[in-house]
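Me: Please take a close look at one small sheet here. I am new to this structure, so explain the terms as you go.

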Amino acid sequence: METLLIENSVLCDLCSEGDAGKRCEVCCVNLCDFCSQAHRRQKRTSSHSVHSLEDLKAQGRLSRPVLCSVHAGQELRLYCESCDLTVCQECAAAFHRDHQCRPTHDVINHHGDRIRALVSGSLQPRLGRLEESLRRVDQAQDVLRRRSDALAGEIRAFARSYAAAVETHCCSLLQDLQDLRVQRSNQLHLQRAQLQQAKADVGGAVDFAERLLTCGSEAEILNAKGVATKRLMGLLESGYDPQPATVAYDDGSGICFLPQCSAGEVEGFPVVGVVRVKEIDPGKCIVQGEGVQQGAEGQRGEFTLICRDSAEESMGRGGDPVLVSIVHKDRKDCRVEVTVVDNGDGSYAVSYVPKESGSYSVWVCVKAQHVKGSPFALTVKPKFRQHQGIFHCCSFCSSGGAKDARCGCMGTMPGGFQGCGHGHKGHPGNAHWSCCGSVVENSECLHGLEPTSLRGRIRTVEL
């Protein structure tokens with residue numbers, strides 16, 4: 001029970017008449033002076049501990065009595081061991097008559113000792129350990145807070161330093177870009193000056209020639225034709241003539257930013273992102289497709305040119321000066337017309353239609369330089385020859401026994417037959433074409449070849 005303060009005036013629990021000034025801690029009753037003396041004189045209660053209410057109050061040992069909830073005003077002074085319950089005297093007489101009921105002060109030591117043993121033997125050491133654990137948790141929490149604060153400061157300092165390094169790298173990239181822009185701009189200015197000079201030269205020559213032809217007399221034209229012709233020829237031979245296929249105008253598309261590429265370290269921090277000039281490297285450009293090595297007479301041949309930079313990466317854009325030329329190896333005057341289509345992604349589709357068979361050289365150049373593998377050797381096969389005859393076993397059978405029927409296998413039969421027959425001289429031994437004697441049904445016609453080569457081919461196929 002918790003310690004409670006009582007009122008200033010307390011009646012005696014025995015006589016209920018006098019003011020109680022003392023209390024028996026064994027019987028848990030408040031006593032007046034007369035009842036206190038009588039309590040000490042009785043043999044049964046002479047050994048009880050009786051103290052002043054003021055002393056108990058000062059020591060904090062004064063507690064309010066626990067009253068029975070069934071019988072009003074009756075204090076719970078007995079303990080029923082059978083029911084493990086504190087009861088008043090009337091409850092013991094009415095409900096616990098056959099039970100073993102003892103005064104609370106007789107059994108309090110036994111049960112109190114048991115509680116004290118549990119507290120002092122197990123719970124107090126555990127309480128100490130829990131307090132120690134709590135102390136360590138608080139220490140760990142404090143260390144964690146200090147460590148987190150220190151790391152937060154390091155992270156902020158790192159972030160500021162890294163941001164400064166990134167800003168420095170950004171300024172460096174912008175400066176590199178500005179330098180490249182100035183360089184390309186100067187090149188364009190030079191090209192512009194050259195074009196303007198060429199335009200002025202050609203315009204002056206054309207204007208002079210037109211005025212001479214329109215305004216000059218016959219004598220003046222004849223007298224000035226030498227000077228005019230010489231000037232015009234000089235411009236044609238040595239003048240600057242920009243062709244779209246051979247001249248590139250640098251518009252800055254070759255400048256690129258590679259955000260994933262390592263740029264080394266700046267102020268001790270690794271950074272990425274570089275500005276590079278993506279220039280075409282003819283030695284890294286490749287040609288793909290069978291059309292650059294094999295072709296057929298009268299049939300369209302195709303191959304693809306892929307332009308790459310020095311890192312062997314596709315240019316990813318078009319507009320490069322590409323020149324493709326296909327010339328017969330034995331007849332230099334035999335050229336094949338070539339069509340080059342810019343796909344706009346760094347690749348170029350090349351197509352051609354050869355009119356004659358033979359061996360050709362294929363020149364593939366970018367910026368007036370050969371690409372990897374150029375010049376290529378192109379073999380153009382002759383046009384496929386269709387058979388003009390029939391595929392038969394022999395001319396005797398296919399013609400119904402006509403004597404004048406002939407066969408390309410050059411076989412003959414006795415009796416005036418001009419064609420071949422089974423088992424007779426010259427018969428190839430298998431079904432064959434009447435036009436050329438070839439024993440392969442799905443084949444090219446061999447008509448027109450020399451007889452010796454024809455015989456050899458037929459015999460080879462038969463074997």
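Reply: Here is the sheet, followed by what touches it and a side-chain pair beside it.

The model is predicted: local features need pLDDT of at least 70, side-chain atom pairs count only at pLDDT 80 or more, and totals for chains, interfaces and linings use all residues. Residues are numbered from 1 along each chain as its sequence is written, and side-chain values use heavy atoms, without hydrogens and water.

Three strands make an open, antiparallel sheet in the order β5-β4-β6. β5 (85–87) and β6 (101–103) are the edges; each has a single partner strand, so one side of each lacks a neighbour in the sheet. From one strand to the next, the twist averages 35°. Strands are DSSP runs (E, at least two residues), as are helices (H or I, at least four), numbered from the N terminus. Two strands pair if DSSP finds at least two bridges between them.

Strand β4 (residues 78–80) is joined to β5 by three bridges. C80 sits opposite L85 in β5.

Helix α4 (residues 104–215) lies across β4 and β6, at about 90° to β6. Contact means heavy atoms within 4.5 Å. Angles run from 0 to 180 degrees between N-to-C directions, with axes fitted to C-alpha atoms, for helices over the stretch in contact.

E81 and R102 form a salt bridge (3.4 Å, N to O). That term means a side-chain nitrogen of Lys or Arg within 4 Å of a carboxyl oxygen of Asp or Glu. E81 is in the loop between β4 and β5, R102 in strand β6, 21 residues apart. E81 is partly exposed at 33% relative accessible area; R102 is partly exposed at 32%. Buried means under 20%, exposed over 50%, partly exposed in between (1.4 Å probe, protein chains only).
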